[in-house]
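Reader: I would be grateful for a close examination of one part of this model, followed by an account of the surroundings to which that part belongs. Please treat the matter as one connected description.

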Amino acid sequence: MWKKTAGILVRTFLALFVAGTILYVLNSVFMPKYVSENQDGNVTAEFYKIETPIDAAYFGSSTVYNAIPADFLWDRYGLASYTRANASQTLWQSYYLIKDTIKVNRPQLITLDVSFMKYGEDFCEEGSNRKAIDGMRFSADKFRCAKASMSGEESIYSYIFPILRFHSRWNDLKREDIEYAFKRPQVTYDGFIMEFDGVEELEEFDMSEPDEASFPDKSTEYLLKIIKLCEEEDIDLLLMKTPTYINNWYSAYDKILSDIADSRKKCRYVNFDAYEDELMLDRHYDYVDGHSHLNVKGAEKFAVFFGHYIKECYDLPDHREEEAYSRYWDKQYMRYEQAKALH
């Protein structure tokens, strides 16, 4: 009897192992690789490859991953940091990514771009959700992030088993889907995405403001959760508005966020649009796509000012003379410079 039971258990285990292996392989092959295009889809996953503790992590939408070059900040200020932002990253996604970041590689400073405070419960972009969430390590935070982000037409199981979402890609599979199924090359620059274009035609914007402006309840709820989390973890939180040159922000927003930040510990708010003269950003040569994102030239201008600002306001170390840091981050900066030189 015992031998029969043991045989059943062994066969069951082997069947589950084979099924699990097949599922793992299919997931790995069919998931988009974001290598030759849409490299921002690797921002989330590449965070786990950092080889040193970090001082700061930067969260927000695509305006952040085009604006804060972590490798440049290393060379200029000796900061070990990562730009953990994604396209159309909502406040609830930032919350769970911040939780995940603290557990994996706890920073001293978290900065959060608040541009997406304007979007609430009804905002959902599945493509952006996938880029932000699929690369997260398997955890309760990933599950909760997906639950908070997905539309009613999506299935939570497709975030656990991506093959359920991407099985229809079989006809679009490319060589890189096989080549990078189990190990992808690093394609971002510690979360930073380089843009090289400028703006051909300057657009004039209506810079008038409404009489009143407010944020949706869901975004406000998650902002307060982020503030509370940072307070509990004794981590400094900088709420920021990344510089843009479009009419997408109002002084009423600044007032709301300043009041919130001023009432909490270890939290401050700054709108970097207010430092337009100091940043000296050129509308032709430092922006792309209608002035909502910075190119690499504009990003480095901003990074000089931004890095100086956070070094002045926060007690963050300069690691450039520390071998354990310089061995890794000097290599990262060299890779960053080589990529710029190719353009």
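Is Asp234 buried or exposed, and what is its relative accessible area? Please take the answer as a starting point and proceed from there into the interior.

Author: The model is a predicted one, and every value below is computed from it. Asp234 has a relative accessible area of 52%. Because exposed denotes a value over 50%, Asp234 is classed as exposed. The residue is found in the loop between helix H11 (217–233) and strand E4 (236–241). Its phi is near 60°, a positive value in a residue other than glycine.

A second residue with a positive phi may be set beside it. Asn38, likewise not a glycine, has a phi near 50°. Asn38 is found in the loop between helix H1 (2–30) and helix H2 (43–46). With a relative accessible area of 41%, Asn38 is partly exposed.

The loop of Asp234 leads to E4, and from that strand one may pass to its neighbours. E4 runs parallel to E3, to which 5 bridges join it. Within this pairing, Asp236 of E4 is the bridge partner of Leu109. Strand E3 comprises residues 109–113 and is mostly covered, with 5 of its 5 residues buried. Leu109, Thr111 and Asp113 point one way from the strand, while Ile110 and Leu112 point the other way. This arrangement may be read alongside a general rule: in a regular strand the side chains alternate between the two faces of the sheet.

E3 also pairs with strand E1, in the parallel sense and over 4 bridges. Two of the partnerships can be named: Ala56 has Leu109 as its bridge partner in E3, and Tyr58 has Thr111. Leu109 is thus a bridge partner of Ala56 and also of Asp236. E1 covers residues 56–59; Ala56 and Tyr58 point one way, Ala57 and Phe59 point the other way, and all are buried. E1 pairs in addition with strand E2 (residues 81–83), again in the parallel sense, over 3 bridges. There, Ala56 stands opposite Ser81.

Helix H5 packs against these strands: the contacts of its buried residues include E1 and E3, and further H2, H6, helix H7 (140–149) and H11. H11 is the helix that precedes the loop of Asp234. Since 12 of the 14 residues of H5 are buried, the helix is largely enclosed by the rest of the structure. Among the buried residues are Leu91, Trp92, Gln93, Lys99 and Asp100. From its first C-alpha to its last, H5 reaches 20 Å, close to the 20 Å expected at 1.5 Å a residue.

H5 also takes part in enclosing internal space. The structure holds 2 cavities of 30 Å³ or more, and the largest has a volume of about 40 Å³. H5 and H6 each supply at least two residues of its lining. The lining consists of Ser88, Thr90, Trp92, Gln93, Phe123, Cys124, Glu125, Ser128, Asn129 and Ser149. By class, these residues divide into 3 nonpolar, 6 polar and 1 charged.

Helix H6 spans residues 126–133 and contains Gly127. This glycine is partly exposed, with a relative accessible area of 48%. Gly127 and Ala87 lie 40 residues apart in sequence, and their C-alpha atoms are 9.1 Å apart in space.

The second largest cavity offers about 30 Å³ of space. Its lining is formed by Glu46, Lys49, Ile50, Tyr82, Gln186, Thr188, Asp190 and Tyr328. These residues divide into 3 nonpolar, 2 polar and 3 charged.

Tyr328 leads to helix H15, where it is one of the buried residues. Others include Tyr325, Trp329, Gln332, Tyr333, Arg335 and Tyr336. As a general matter, an α-helix has 3.6 residues a turn, so residues three or four places apart point the same way. The buried residues of H15 are covered by elements that include helix H4 (70–77), E2 and helix H14 (296–313). At 1.5 Å a residue, the 19 residues of H15 (residues 323–341) should span 27 Å; the end C-alpha atoms are 26 Å apart, which agrees.

The path therefore runs from exposed Asp234, in the loop before E4, through E3 with its 5 of 5 buried residues, to H5, which is largely enclosed by the rest of the structure.

Notes. Residues are numbered from 1 along each chain as its sequence is written. This is a predicted model: local features need pLDDT of at least 70, side-chain atom pairs count only at pLDDT 80 or more; totals for chains, interfaces and linings use all residues. Side-chain values use heavy atoms; hydrogens and water are left out. Buried means under 20% relative accessible area, exposed over 50%, partly exposed in between (1.4 Å probe, protein chains only). Two strands pair if DSSP finds at least two bridges between them. On a 1 Å grid over the protein atoms alone, a cavity is a set of points where a 1.4 Å probe fits but cannot get out, and a pocket is an open set with protein on both sides within 12 Å along at least five of seven lines; lining residues have an atom within 4 Å of a point. Grid points are joined across faces, edges and corners, and a volume is the space filled by probe spheres set on the points. Ala, Val, Leu, Ile, Met, Phe, Trp, Tyr, Cys and Pro count as nonpolar, Asp, Glu, Lys and Arg as charged, and the others, Gly among them, as polar. The expected span of a helix is 1.5 Å times one less than its number of residues. Contact means heavy atoms within 4.5 Å.
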